[in-house]
Amino acid sequence: MTVESVKPAQPAAPQLPVPPLAGGGVPVLGHGWKLVRDPLGFLARLRDHGDVVRLKLGPKTVYALTSPALTGAMALSTDFKIDGPLWESLEGLLGKEGVATANGPRHRRQRRTIQPAFRLDIIPEYGPIMEEEARALAERMGSGEPVDCTSESFRVAVRIAARCLLRGEFMDERAERLSVALATVFRGMYRRMVIPAGPLYRLPLPANRKFDRALADLHLLVDEIVAERRASGQKPNDLLTALLEAKDENGEPIGEQEIHDQVVAILTPGSETVASTIMWLLQVLTEHPEHAARVAEEVKSVVGDRPVAFDDVRKLPYTNNVVVESMRLRPAVWILTRRAVTETELGGYRIPAGADIVYSPFAIQRDPRSYDGHLDFDPDRWLPERAKDVPKHAMSPFSVGNRKCPSDHFSMAQLSLITATVASRWRFEQVSESNDATRVGITLRPYRLLLRALPR
Ligand code: HEM
């Protein structure tokens with residue numbers, strides 16, 4: 001099926017059939033219990049029921065897409081927008097005026113404001129900070145203590161995002177506080193999204209208090225960063241200056257709340273996704289020592305004995321392919337949702353206006369119909385002569401269309417640099433208390449990856 005063949009019908013499509021109902025639902029809860037119990041397995045098995053499948057979540061009908069052609073078609077269509085329960089709970093915690101949850105003209109305007117900070121030709125300017133942070137991470141790994149990959153991955157992800165995009169000397173200490181706050185907020189947020197038991201989270205329990213403190217600290221930190229930049233009178237060429245100088249649709253300066261929510265909306269997706277991906281990269285280097293050794297050899301052949309530099313990254317194709325293959329099998333973003341703004345058509349089926357639609361990049365990227373040896377860790381599948389056989393949209397960890405992650409180049413540059421830097425210096429073993437099983441949260445990551453770093 002091509003993307004063209006699934007373009008929305010004009011006009012609407014009342015005469016089209018409704019998609020088949022997925023099997024295995026139970027009275028009252030429908031498929032909800034399966035989704036909560038085994039979300040990854042459940043979403044992956046939906047492909048056996050068709051390319052578009054209906055799910056019952058309690059009284060609600062949700063539509064699931066299972067083919068890359070349809071997920072790409074939806075991402076590229078204007079018949080769908082960001083909305084639905086997942087986004088509403090995010091807005092409640094992180095703010096309503098940021099780019100990640102806006103739609104329509106406001107979203108287009110906000111994208112125009114933030115996009116220049118992520119342009120491909122700007123990324124090398126961030127190179128020295130990325131190098132410094134990657135080396136600092138590799139250095140900390142040699143402390144002799146087991147490496148706590150959760151906190152270290154958050155630390156490096158937040159420090160790079162905060163130091164590159166919100167520049168300033170003060171960022172060192174703030175980035176540290178931000179990484180602690182964000183790690184706690186993300187843990188609690190997922191719980192609040194899957195079990196929306198409002199009053200329960202207001203009880204004065206230690207876990208609730210910790211979450212509330214971390215969320216308050218996150219918002220306070222962002223206020224401090226904005227106030228301090230304003231007070232300094234400085235206007236470095238960075239994302240924060242772009243936000244402070246942005247104008248709304250009427251040419252007026254945007255409000256304080258929008259500036260605040262924008263900083264939050266950029267820092268939060270920017271930390272959890274990168275941190276989870278780094279955790280998986282460290283897990284992959286540990287689980288596949290033969291691939292880690294090839295990365296180290298490639299780095300040595302290009303770099304010799306000096307430290308890896310930002311400019312080296314584009315000369316390290318194998319290292320880059322290890323990063324891509326790790327993101328294929330362990331995508332940080334494992335579930336995405338949209339809402340139909342109008343009655344429309346997908347895969348020959350009628351999708352009513354207001355329908356919630358869900359799909360899983362995890363399932364799409366592990367589909368045996370798209371990948372030979374779909375569960376094998378095989379970085380060479382991304383060599384140009386083989387990559388051309390991968391169906392369109394079967395590997396879109398940053399999505400496509402108007403909601404595509406603005407940070408794809410920024411993220412790939414740092415992930416490859418970090419992988420090259422740590423793999424060329426260390427081999428890894430899990431220590432006995434480590435648990436690398438998949439933990440499903442807002443992103444996918446290992447439960448608690450604890451590694452011993454051994455000199456290579
Ligand atoms: C959106 C993935 C890193 C900022 C997205 C989306 C995906 C994604 C799949 C689209 C969501 C949707 O379609 O609903 C990733 C992955 C990352 C990463 C896999 C790293 C491995 C970052 C970083 C930043 C960032 C480092 C910022 C510093 C954003 C923002 C959006 C977004 C602001 C919302 C864009 C919009 O709605 O217009 N990301 N992301 N991401 N990402 Fe990323």
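In the predicted model, the second largest cavity is lined by Ile278, Leu281, Leu282, Leu415, Ile418 and Thr419. The space in this cavity comes to about 40 Å³. Two helices, α11 and α16, each contribute at least two residues to its lining. By class, that lining consists of 5 nonpolar residues and 1 polar residue, with no charged ones.

In total, the structure contains 2 cavities of 30 Å³ or more. The largest cavity encloses about 90 Å³ of space. Two or more residues of its lining come from each of α2 (39–45), β2 (60–65) and α14 (361–365). Leu43, Ala44, Leu46, Arg47, Ala64, Leu65, Thr66, Tyr359, Ser360, Ala363, Ile364 and Asp367 form the lining of the largest cavity. Of these lining residues, 8 are nonpolar, 2 are polar and 2 are charged.

Helices α11 and α16, which contribute to the lining of the second largest cavity, also take part in the shell around the ligand. At least two residues of this shell are supplied by each of α5, α11 (256–287), β5 (336–340) and α16. The greatest contribution is that of α11, with 7 residues. The ligand is surrounded by 29 residues, of which His107, Arg111, Arg338, Arg403 and Cys405 come nearest. The shell is made up of 18 nonpolar, 8 polar and 3 charged residues.

The ligand carries an iron atom, for which the protein provides a single donor: the SG atom of Cys405, at 2.3 Å. Cys405 is placed in the loop between α15 (384–387) and α16 (408–425). Three of the nearest residues also approach oxygen atoms of the ligand through their side chains. For His107, a polar side-chain atom is found 2.6 Å from a ligand oxygen. The corresponding distance from a polar side-chain atom is 2.7 Å for Arg338 and 3.0 Å for Arg403.

Arg403 and helix α5 appear again in the second largest pocket. This pocket holds about 320 Å³ of space. It is lined by 18 residues, and those closest to its centre are Thr78, Phe80, Gly104, Asn402 and Arg403. Arg403 is thus listed both among the residues closest to the centre of this pocket and among those that come nearest to the ligand. At least two lining residues are drawn from each of α3 (68–76), β3 (80–81) and α5 (104–114). Among the contributing elements, α5 gives the most, with 4 residues. The lining of the second largest pocket comprises 6 nonpolar, 7 polar and 5 charged residues.

A further arginine, Arg163, was examined for its burial and its contacts. Arg163 belongs to helix α7, which spans residues 149–165. Its relative accessibility is 15%, and Arg163 therefore counts as buried, since the cut-off for that class is under 20%. The side chain of Arg163 is in polar contact with the side chain of Glu132, at 3.2 Å.

Notes. Residues numbered from 1 in each chain as written. Predicted model: local features only at pLDDT ≥ 70, side-chain atom pairs only at ≥ 80, totals over all residues. Heavy atoms only, no water. 1 Å grid on protein atoms, 1.4 Å probe; cavity = no way out; pocket = protein on both sides within 12 Å on 5 of 7 lines; lining within 4 Å. Points joined across faces, edges and corners; volume = space filled by probe spheres on them. Nonpolar A, V, L, I, M, F, W, Y, C, P; charged D, E, K, R; others polar. Donors = N, O, S within 2.8 Å, 3.2 Å for Na, K, Ca; no water. Near = heavy atom within 4 Å. Polar contact = N/O pair within 3.5 Å; in protein donor to acceptor, adjacent residues only side chain to side chain. Buried < 20%, exposed > 50% of the residue type's maximum accessible area, 1.4 Å probe, protein only.
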